[in-house]
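Hi,

Here is the structure I promised to pass on. Have a look at it first, and my notes follow underneath.

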Amino acid sequence: MTPLSPEQVIEGQRQDWNRVAGGWETWDRFFDEQMAFLNHRLVGDARLRAGLRVLDLGSGTGYPALMTAQTVGPSGSVIGIDLAEQMLEAARRKAASLKFSNVTFRTGDVTTLPFEKASFDAVTTRFCLMFLPEIPKAVAEIARILKPDTWVSTAVWSAPEKNPYLKIPIDVIKQFIELPPPDPSAPGIFRLAKPGDLAGMLQQAGFVDIAEQEFLGDVRFSTADEYFSSLMDIAAPIQNLWAKLSPSQQTEAKQRIIHTAEQYRKGSIIALPIAVRMVACRKPT
Ligand SMILES: C[S@@+](CC[C@H](N)C(=O)[O-])C[C@H]1O[C@@H](n2cnc3c(N)ncnc32)[C@H](O)[C@@H]1O
């Protein structure tokens, strides 16, 4: 199969994430709470403090941009950029309800940042970079728009084996249909899972003090059904695979996903492990 052009990938991403924006808003509060620990980590890794001007890449419905805005305070400012206008509309509603006036959300592509060189004091990004068709190009853009001696903090998914939260439905879908072997260089959930991959690209772009850690955690659900519904509502790439199943296959697959998730029950909750690759670095002086 001919690989998609970068423009086709970007357009597919825009459509995918706009399609699931309603699901993200439905589950917003739940995931904001579940994933808050990652936001704190990103804020720390980027050395954020009051007064900084920060760019958040692929902000979706607003995280970590909103925690970033809280940290830099009224004397600082945050711009969140994302391809998907409908995700950003949800982010804007959330910013308004939290009464944040120091954060704005703009549509745009991370690979061609519409900003002046050396115009930001930090960059944060959570679960975006692995979906880009040209990651080194985006990394060069990050280096361009940052001032000297500033920090970047990133979070991407680590290996599927360490992420039952995402792997369970993919494994079950594979029981019904043959999926092509994953192309390690194709954009997707696990594109930056390999240790050193993103770090190497950052180093190539001239970043220093590169720190990488696989950060382990879990996402907690009260029922396996809640897990299934929430994931299917927000995970655009998994939705795309799910759509390949017939209605009767979907019914059976749902049962199998729920059955597998139950194996992670700890008392009254189901705790599905996640492993997130956190990579931080500094633009040299
Ligand atoms: C999984 S969501 C993550 C959203 C948010 N950062 C979070 O962690 O909740 C991925 C986001 O990356 C955005 N995205 C993907 N490719 C992009 C690109 N080339 N430029 C800007 N945003 C992009 C998508 O539109 C989507 O909102």
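Let me start with a small puzzle: where in the chain is the place of F127? F127 sits in the loop between β4 and α7. I ask since its phi is near 55 degrees, a positive value in a residue other than glycine. F127 counts as partly exposed because 18 other C-beta atoms lie within 10 Å, and buried would take 20 or more. Bear in mind throughout that this is a predicted model.

There are two other backbone oddities to look at. K99 also has a positive phi, about 60 degrees, although it is not a glycine. K99 is in the loop between α6 and β3, and with 6 C-beta neighbours inside 10 Å it counts as exposed. Then there is a cis peptide bond joining Y63 and P64, with omega at about 10 degrees; P64 belongs to the loop between β1 and α5. For context, most residues other than glycine have a negative phi, and most peptide bonds are trans.

Now the overall picture. The protein chain has twelve helices and eight strands. Its C-alpha atoms fill a box of roughly 55 × 45 × 30 Å along the principal axes. The radius of gyration is 19 Å, and a compact globule with 285 residues would come out near 19 Å, so the two agree. Of the 285 residues, 44% count as buried. Among contacts between residues at least 6 apart in sequence, 82% join residues at least 24 apart.

The ligand is probably where you will want to go next. In the model, 20 residues surround the ligand, and the closest are W17, G58, G60, V110 and R126. Two elements give two or more residues to that shell: α1 (6–19) and β2 (77–82). Which of the elements gives the most to the shell around the ligand? That is α1, with three residues. By type, the shell divides into twelve nonpolar, five polar and three charged residues.

β2 deserves a closer look, as it turns up in several places. On one side, β2 is joined to strand β1 (residues 53–57) by five bridges, and the two run parallel. In that pairing, R53 has S77 of β2 as its bridge partner. To get from β1 to β2 the chain crosses through helix α5 (residues 65–72), and this β-α-β crossover is right-handed. β2 also pairs with strand β3 (residues 103–107), again in the parallel sense and over five bridges. Here V78 has V103 of β3 as its bridge partner, and D82 has T107. β2, helix α6 (residues 85–97) and β3 make up a right-handed β-α-β unit too.

How much of β2 is covered? Six of its six residues are buried. S77, I79 and I81 point one way from the strand, while V78, G80 and D82 point the other way. That fits the general pattern, since side chains in a regular strand alternate between the two faces of the sheet.

Back to R53 for a moment, which is found in strand β1. R53 is partly exposed because it has 16 other C-beta atoms within 10 Å, where buried starts at 20. Leaving out residues up to four places away in sequence, R53 touches G76, S77, F120 and D121. The C-alpha atoms of R53 and R282 are separated by 16 Å, with these positions 229 residues apart along the chain.

F31 makes a similar case. F31 is found in helix α3 (residues 28–34), and it counts as partly exposed because 16 C-beta neighbours lie inside 10 Å. F31 and I270 are 239 residues apart along the chain, yet their C-alpha atoms are separated by 15 Å.

Last, helix α7 (residues 135–145). Which residues of α7 are buried? They are I135, A138, V139, E141, I142 and A143. What do the buried residues of α7 pack against? They pack against β4 (120–126), β5 (146–157), α9 (197–204) and β8 (269–283).

Shout if you want to go over any of this together.

Cheers

Definitions and conventions:
Residues are numbered from 1 along each chain as its sequence is written. This is a predicted model: local features need pLDDT of at least 70, side-chain atom pairs count only at pLDDT 80 or more; totals for chains, interfaces and linings use all residues. A residue is near a molecule or strand if its C-beta atom, placed from the backbone, lies within 6 Å of it. Helices (H or I, at least four residues) and strands (E, at least two) are DSSP runs, numbered from the N terminus. Ala, Val, Leu, Ile, Met, Phe, Trp, Tyr, Cys and Pro count as nonpolar, Asp, Glu, Lys and Arg as charged, and the others, Gly among them, as polar. Two strands pair if DSSP finds at least two bridges between them. A crossover is right-handed if, with the strands pointing away from the viewer, the path from the first strand over the helix to the second runs clockwise. A residue is buried if 20 or more other C-beta atoms lie within 10 Å of its own, exposed if 12 or fewer, and partly exposed in between; C-beta atoms are placed from the backbone. The radius of gyration is taken over C-alpha atoms; the globule rule is 2.2 Å times the number of residues to the power 0.38. Two residues are in contact if their C-beta atoms, placed from the backbone, lie within 7 Å.
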